[in-house]
Amino acid sequence: MFSGFNADDFDVFAVPGLEARMSVLIDRIRPKLNELGTLLAPVLTDLCGEPMFAHVAKHARRKVNPPNDTWVAFAPSKRGYKAHPHFQIGLFGSHLFVQFAIIYESDKKSVFAEHALKQLDEIEKHIPAHYVWSGDHMVPGGDKQGDLGHEGLIKLLERLRTVKASEALCGIIIDRNDPLLLDGDAFVEKVKETFRTVLPLYKMSF
């Protein structure tokens with residue numbers, strides 16, 4: 001049974017200094033991300049029809065600035081996730097996110113953009129209006145699909161198709177104070193539901 005997330009987990013991102021923040025992050029959050037990786041990799045393996053592997057962020061390249069977020073990513077490679085379309089569960093100080101992601105290192109961005117632009121009507125029918133789209137994984141939040149609208153979604157996807165540093169992420173945001181996060185079992189069910197909802201986006205990446 002997963003224990004969920006509480007205020008102490010989100011407060012990690014208020015700890016000053018790289019070493020101090022990393023120490024608390026490793027002690028407090030990383031075990032939960034590892035647990036989610038173990039729980040959910042088999043679920044995504046079944047959904048995707050191929051082996052999916054969990055990768056917990058190490059933040060190993062950081063030398064000065066402490067991380068503002070952390071995550072576990074799921075991808076069809078044991079070696080890493082950044083080059084692949086993938087799924088993420090992660091935390092900023094203000095909220096938790098569950099999403100599909102295709103980031104700037106991936107060579108599948110134009111493939112996804114082309115397929116998504118052709119299937120825009122299906123996306124708008126299938127992805128709920130409160131799901132959030134973002135064009136930058138380093139910036140918290142994004143735009144709800146209902147606010148972005150048809151033209152906004154086209155603009156995001158066209159940028160993904162043509163701009164090398166572009167990204168596309170889509171999923172849910174759960175406020176740090178949402179009681180759902182304290183109920184580990186209910187939270188895991190919400191994650192599964194979200195992964196099922198964004199699965200068509202993942203499949204458009206190939």
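In which strand is the place of D143? I shall open with that residue and then widen the view. D143 sits in strand β6, which covers residues 143-144. Please bear in mind throughout that this is a predicted model.

D143 is partly exposed, since its relative accessible area is 42%. Setting aside residues up to four places away in sequence, D143 touches Y131, V132, W133 and L148. A further reference point is C170: it lies 27 residues from D143 along the chain, and the two C-alpha atoms are separated by 9.5 Å.

Let me now turn to the protein as a whole. It has seven helices and seven strands. Read from the N terminus, the order of elements is α-α-α-β-β-β-β-α-α-β-β-α-β-α. The C-alpha trace spans about 45 × 35 × 35 Å along its principal axes. How does the radius of gyration stand against that of a compact globule? For 206 residues, such a globule would have a value near 17 Å, and the protein has 16 Å, so the two agree.

Of the 206 residues, 48% are buried. Among contacts with a separation of 6 or more, 62% are between residues 24 or more positions apart. The accessible surface comes to about 10,000 Å², and carbon and sulfur atoms account for 52% of that surface. As to charge, there are 25 positive and 27 negative side chains, with the centres of the two sets 7 Å apart.

I move next to strand β2, which comprises residues 69-75, and to two of its residues. D69 is placed in this strand, and T70 is as well. Is T70 buried or exposed? T70 has a relative accessible area of 0% and is therefore buried. D69 has a relative accessibility of 10%, so D69 also counts as buried; the cut-off for that class is under 20%.

Which residues does T70 contact beyond its neighbours within four places in sequence? The list runs F13, L25, I29, L33, A57, H59, I89, G90, L91 and F97. D69, on the corresponding count, touches F13, H59, L91, F92, F97 and H137. F13 thus appears in the list for T70 and in that for D69. D69 can also be placed relative to G141, which is 72 residues away along the chain, with 12 Å between the C-alpha atoms.

H59 deserves a closer look. The side chains of T70 and H59 are joined by a polar contact of 2.9 Å. H59 itself lies in the loop between β1, residues 53-56, and β2. Although H59 is not a glycine, its phi is positive, at about 55°. With 13% relative accessibility, H59 counts as buried.

H59 is also in contact with M22. M22 belongs to helix α2, residues 18-28, and is buried because its relative accessibility is 11%. Beyond neighbours within four places in sequence, M22 contacts R30, K58, H59 and P67. In the case of K58, 36 residues separate it from M22 in sequence, and the C-alpha to C-alpha distance is 9.4 Å.

I continue with strand β3, residues 86-92, where H86 is found. H86 counts as buried because its relative accessibility is 0%. Where does the side chain of H86 reach a backbone oxygen? The partner is Y81, at 3.4 Å. Outside the four-place window in sequence, H86 is in contact with A73, F74, A75, Y81, Q99, F100, A101, I103 and Y202.

Finally, the C-terminal part of the chain. S205 lies in the segment after α7, the helix formed by residues 184-203. S205 is buried, as its relative accessibility is 0%. Its side chain reaches the backbone oxygen of L201 at 3.3 Å. Not counting residues up to four places away in sequence, S205 touches P85, F100, I102, K108, V111 and F112. K108 lies 97 residues from S205 along the chain, yet 6.0 Å separates their C-alpha atoms. F100, I would add, is a contact of S205 and is listed among the contacts of H86 too.

To close, I return to two residues. T70 in strand β2 is buried and has a side-chain polar contact with H59. D143 in strand β6 is partly exposed. Thank you for your attention.

Notes. Residues numbered from 1 in each chain as written. Predicted model: local features only at pLDDT ≥ 70, side-chain atom pairs only at ≥ 80, totals over all residues. Heavy atoms only, no water. Helix = DSSP H or I, 4+ residues; strand = E, 2+ residues; numbered from the N terminus. Buried < 20%, exposed > 50% of the residue type's maximum accessible area, 1.4 Å probe, protein only. Polar contact = N/O pair within 3.5 Å; in protein donor to acceptor, adjacent residues only side chain to side chain. Contact = heavy atoms within 4.5 Å. Rg over C-alpha atoms; globule rule 2.2 N^0.38 Å. Areas by Shrake-Rupley, 256 points an atom, 1.4 Å probe, with all protein chains shown as cover. Lys, Arg positive; Asp, Glu negative; His and termini not counted. Charge placed at Lys NZ, Arg CZ, Asp CG, Glu CD.
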